[in-house]
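Me: I am new to this structure and would like a close look at a single part of it. Please take one residue and its surroundings, and then describe a pocket as a separate topic.

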Amino acid sequence: MDRFDIAVIGAGHAGCEAALACARMGLHTLLLTLNLDAVALMPCNPAIGGTGKGHLVREIDALGGEMGRAIDDTFIQSRMLNTGKGPAVHSLRAQADKRAYQRRMLRALFAEPNLEVRQGECGELLTENGAVTGLRTTTGAQITCSAAIVCSGVYMDSRIIIGECSWMGGPQGLLASAHLAGALRALGLSLRRFKTGTPPRVDAASIDFDEMEPQPGDEPVTPFSFLTDPDALVNRAQCYLTYTNEETHRIIRENIHRAPMYAGAIHGTGARYCPSIEDKIMRFADKERHQLFLEPEGLETNEWYVQGLSTSMPEDVQLAMLHTIPGLRRARVLRLAYAIEYECIDPLQLRADLSCRSVPGLYFAGQINGTSGYEEAAAQGILAGINAARHVQGKPPVILGRDQAYIGVLVDDLTTKGTNEPYRMMTSRCEYRLLLRQDNADLRLTEIGYEVGLASRERLERMRLKHATAQEAIAQLKRIWLPKTPERDAWLQAHGQAEAPSSVCAADLLRRPGIRYDDLLGLDPRIAPLSPDVREQVEITLRYEGYLEKERRQVEAFRRSEDMLLPQGFDYMTLDGLRIEARQKLTAHQPRSLGEASRISGVSPGDVTVLMVFLEKRRLEARRGDASSNN
């Protein structure tokens, strides 16, 4: 019998981050995977980041995770998205060499002295007095542990669907997990069935790239990790843009009865924000065309990914519609597109630390919690890893609030609101997105990562230096007043600015549209050059100062409700004034705070008022009790 402190089941993006977090925090950790060749696999889009998702990767990195450094080492093209909008929604996205990324993550796993990686399948979770004590593999090996983290991704009882054909299996021809779902049901957990899908892969030699629009990467390249030297990064590949057309749409409409979703062959719920091409055609019938991006899966493969052409149509339909698209009329398909159905849990069964409410020591992370995407999975993985480790260490959990991180928004949404479809992180889900930007993730989270034992001293010192340098530069700009001189007026004119009759504050100049910090260099000897990351903080802080202050006041109000703690284990069925639905939801959920209670579906503002009166009554009773005991 093998003994570990923590066992992590599944080695996708959630499992890798969870296992590394536990091991780096000093826990003897097992990472159990169905297939060693599928560790950190990108079975769908070979990219990391994107709108909202890039924020998560930066936060994982700030906490001391691996994903940001791994993609910086293996990307082949990088772009910053949404640069035409404000900094709150700027999101980094990098095209990955998917095999190189896997090799890079495997190196990190095998280099960790407290971590053991094995191939095997979990067949049973062992408990004693209701708490996790270990697991048994399908080959009979028994492993004892004090905590387990389930990160099974989309492999649990998964089924591949292509047209009229379907079979039990995982992504890209891998095996499904056939026993884990039964093990979870045996523990009393509720499961549901979700669906996702992926586009076809085509042979690069059969693509007519001259019929498509080139999509180059950004120069200079912005890294994901706050430890990566940006000067060492270069783009090594180019992507391409093409479109569907009326002929493509005609083929889909004529064969829509053969689409598994429309024929009733698919029962799982799919992601609203990542529809199949047949869904797009039927739901948006007035659109004449849809964008498709051609993206390489790596530098040493002929496989190209047709982003935007996700489908589960039969093979002959896939080929017919593909051959109507400019640049793909001669395309040879290397891997057909497919849909995949799989089992996942209802995340309302979890606490905000991603532990299971009904089984102490059991944690869940990734797509098993009803999310979609590598980044959402990795974000849950590092948080579940931190908290499983702290559970074993006898320390309190780390709870990230909605006001602290996108990871906090993600987990709070899952554990208080739940999800009826694969959950995707978007900037619109975050109430305080001007404060929770991707550029300041290190300022927000590095100290937490350092305190739990993940972020290094070097990372902490870098963050502190960045913060101190930015604050000093801001203060300096506010102290500098530029008197009216011919040189200053010439500078204003050269930069398209209106003349000022008197002295102008350097900070006010930087707030003007079109003016960057480097434009101010030379106006005054006290304005010194700054590194790009510090310069970014200075510009954003000064330009959005009023909006940032307004959002901070909103956060203070939010925190007051989060600080109003509710009793744990309380029977809300006994609390008069609450509606029946609210009593049932609150008793089942046992929210930590008034703020958390207010976000539970089925709890109305009137119910929240009742809870506030209840808390005030308890506070007064406690005060009277303290006074009588002192007498």
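Reply: In this predicted model, His-90 has a relative accessibility of 19% and therefore counts as buried, since the cut-off for that word is under 20%. Along the chain, His-90 belongs to the loop that runs between strand 5 (75–81) and strand 6 (91–96).

The side chain of His-90 has polar partners in the backbone. One of its polar atoms lies 2.8 Å from the backbone oxygen of Lys-85, and a distance of 3.5 Å separates a polar atom of the His-90 side chain from the backbone oxygen of Asn-82. When residues up to four places away in sequence are left aside, the residues that His-90 touches are His-55, Met-80, Leu-81, Asn-82, Thr-83, Lys-85 and Gln-438, so that Asn-82 and Lys-85 appear here again as contacts of His-90.

Turning to the pocket, the second largest one has a volume of about 1,400 Å³. Its lining is made up of 45 residues, and those closest to the centre of the pocket are Arg-58, Thr-222, Pro-532, Asp-533 and Glu-536. Two or more residues of this lining are given by each of strand 5, helix 13 (457–479) and helix 16 (532–543), and helix 16 provides the largest share, with eight residues. By character, the lining of the second largest pocket consists of 18 charged, 17 nonpolar and 10 polar residues.

Note on methods. Residues numbered from 1 in each chain as written. Predicted model: local features only at pLDDT ≥ 70, side-chain atom pairs only at ≥ 80, totals over all residues. Heavy atoms only, no water. Helix = DSSP H or I, 4+ residues; strand = E, 2+ residues; numbered from the N terminus. Buried < 20%, exposed > 50% of the residue type's maximum accessible area, 1.4 Å probe, protein only. Polar contact = N/O pair within 3.5 Å; in protein donor to acceptor, adjacent residues only side chain to side chain. Contact = heavy atoms within 4.5 Å. 1 Å grid on protein atoms, 1.4 Å probe; cavity = no way out; pocket = protein on both sides within 12 Å on 5 of 7 lines; lining within 4 Å. Points joined across faces, edges and corners; volume = space filled by probe spheres on them. Nonpolar A, V, L, I, M, F, W, Y, C, P; charged D, E, K, R; others polar.
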